[in-house]
Amino acid sequence: MPEPPARPIPPGLHLVSTPIGNLRDITLRALDTLRGADLIACEDTRVTRKLLTAYGIQGRLAAYHDHNAARAGPALIARLEAGEAVALVSDAGTPLISDPGFRLVGEAVARGIPVTALPGPSAPLAALVLSGLPTDRFHFAGFAPPRPAARRTFLRALADMDATLVLLESPRRLAAALADMNAVFGPRQAAVARELTKLHEEVVHGDLASLAAGYAGESPPRGEIVIVIGPPGMAEPAGDAEIDARLGEALATMSVRDAAALVAEATNAPRRRVYRRALALARPA
Ligand code: SAM
């Protein structure tokens, strides 16, 4: 397919999210920017070249990663100050999220260079929304330290946080990390999200004890992994006996609707299930 004519991209630093597995997960705006940027700064030029080739984009690439940032950063800033449009991508997902770039953005902001973000795929967010755990407050903790003692210290510092926790983990350390999470956090609901957006995407839900037991002794799973852990005190939904007892009391003074809403809230049970039980209890025998 012939490459569409490049549209001028405004000067400044453009933070472009790229697919985390499924190549089709890229926005039209991201493609426009990659096509029209004067320079694409990327972690690994081979990885980004593959993406560009898939979309018939030529693009001029420059490596920018943790090991060359001290040298490459000032060179990028000089180009930005000269009025060029520079796209920053990581190998996959949203740049700066457990990936290089925050110093570059800080430097650009300090110098009044325009910075814009082109949102798109990001493994931590995809895992969070698939986890079935509360999304109103979450804490992205990145990778836990690989060594057990440091990992437990790291986890203990997160234990009282009233938020869903999102952590990246290598498949090789998954079993050990889950065992430590179970030991430190106790019985919390969690999810292990693997190979998101890819052919073998999988999300395993359960409490930390059953997840830790499920992966213990197994050979490490293939692919990339995000662990999501529910907040402390996220009670399991109550059983029917408790729901009926509470409904019995509430129905003495309230409408079916109000009683169901109150009891659903108090028992963490789905509203529709509680409403059905309330209707049955309120029906005259
Ligand atoms: N900046 C990236 C993002 O926004 O998704 C994250 C970069 S971090 C260096 C890479 C880690 O993200 C992997 O080790 C894995 O924990 C997680 N990850 C990346 N792609 C994934 C996928 N398709 N499924 C599950 N986890 C993934």
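Reader: In this predicted model, which residue has a side-chain N or O atom 3.2 Å from a nitrogen atom of the ligand?

Author: The model is predicted. The contact joins a ligand nitrogen to an N or O atom at 3.2 Å. The protein partner is a side-chain atom, and its residue is Glu 224.

Reader: How much of the ligand's accessible area does the protein cover?

Author: Taken on its own, the ligand has 580 Å² of accessible area. The share of this covered by the protein is 90%.

Reader: Which residue has a backbone N or O atom 2.7 Å from a nitrogen atom of the ligand?

Author: Backbone atoms take part too. A polar backbone atom of Ile 20 is 3.0 Å from a ligand nitrogen. The 2.7 Å distance belongs to a backbone N or O atom of Ile 97.

Reader: Where does the ligand sit?

Author: The protein has a pocket with about 500 Å³ of space. Its lining counts 25 residues. Among those nearest its centre are Ala 123 and Glu 224. The ligand's place is this one, the largest pocket.

Reader: Which elements give two or more residues to the shell around the ligand?

Author: The shell holds 19 residues, with Ser 122 and Ala 123 among the closest. One helix and two strands each give two or more. They are H5 (123–130), E7 (164–169) and E10 (225–229).

Reader: How many charged residues does that shell have?

Author: Split the shell by class. Ten residues are nonpolar and four are polar. The charged residues number five.

Reader: Which strand, spanning 189–194, supplies at least two residues of the lining of the largest pocket?

Author: By class, this lining has twelve nonpolar, five polar and eight charged residues. H5, E7 and E10 each supply at least two of the lining residues. So does the strand at 189–194, E8.

Reader: Which helices give two or more residues to the lining of the second largest pocket?

Author: This pocket holds about 270 Å³ of space. It is lined by 15 residues, and Tyr 64, Ala 69 and Arg 103 are among those nearest its centre. By class, eight are nonpolar, three polar and four charged. The helices are H3 (69–81) and H4 (102–110).

Conventions
Residues are numbered from 1 along each chain as its sequence is written. This is a predicted model: local features need pLDDT of at least 70, side-chain atom pairs count only at pLDDT 80 or more; totals for chains, interfaces and linings use all residues. Side-chain values use heavy atoms; hydrogens and water are left out. A residue is near a molecule or strand if one of its heavy atoms lies within 4 Å of it. A polar contact is a pair of N or O atoms within 3.5 Å; within protein, one must be able to donate a hydrogen and the other to accept it, and residues adjacent in sequence count only if both atoms are side-chain atoms. Accessible areas come from the Shrake-Rupley method with a 1.4 Å probe; for residues, only the protein chains shown count as cover. On a 1 Å grid over the protein atoms alone, a cavity is a set of points where a 1.4 Å probe fits but cannot get out, and a pocket is an open set with protein on both sides within 12 Å along at least five of seven lines; lining residues have an atom within 4 Å of a point. A molecule sits in a cavity or pocket if more than half of its atoms lie within 2 Å of its grid points. Helices (H or I, at least four residues) and strands (E, at least two) are DSSP runs, numbered from the N terminus. Ala, Val, Leu, Ile, Met, Phe, Trp, Tyr, Cys and Pro count as nonpolar, Asp, Glu, Lys and Arg as charged, and the others, Gly among them, as polar. Grid points are joined across faces, edges and corners, and a volume is the space filled by probe spheres set on the points.
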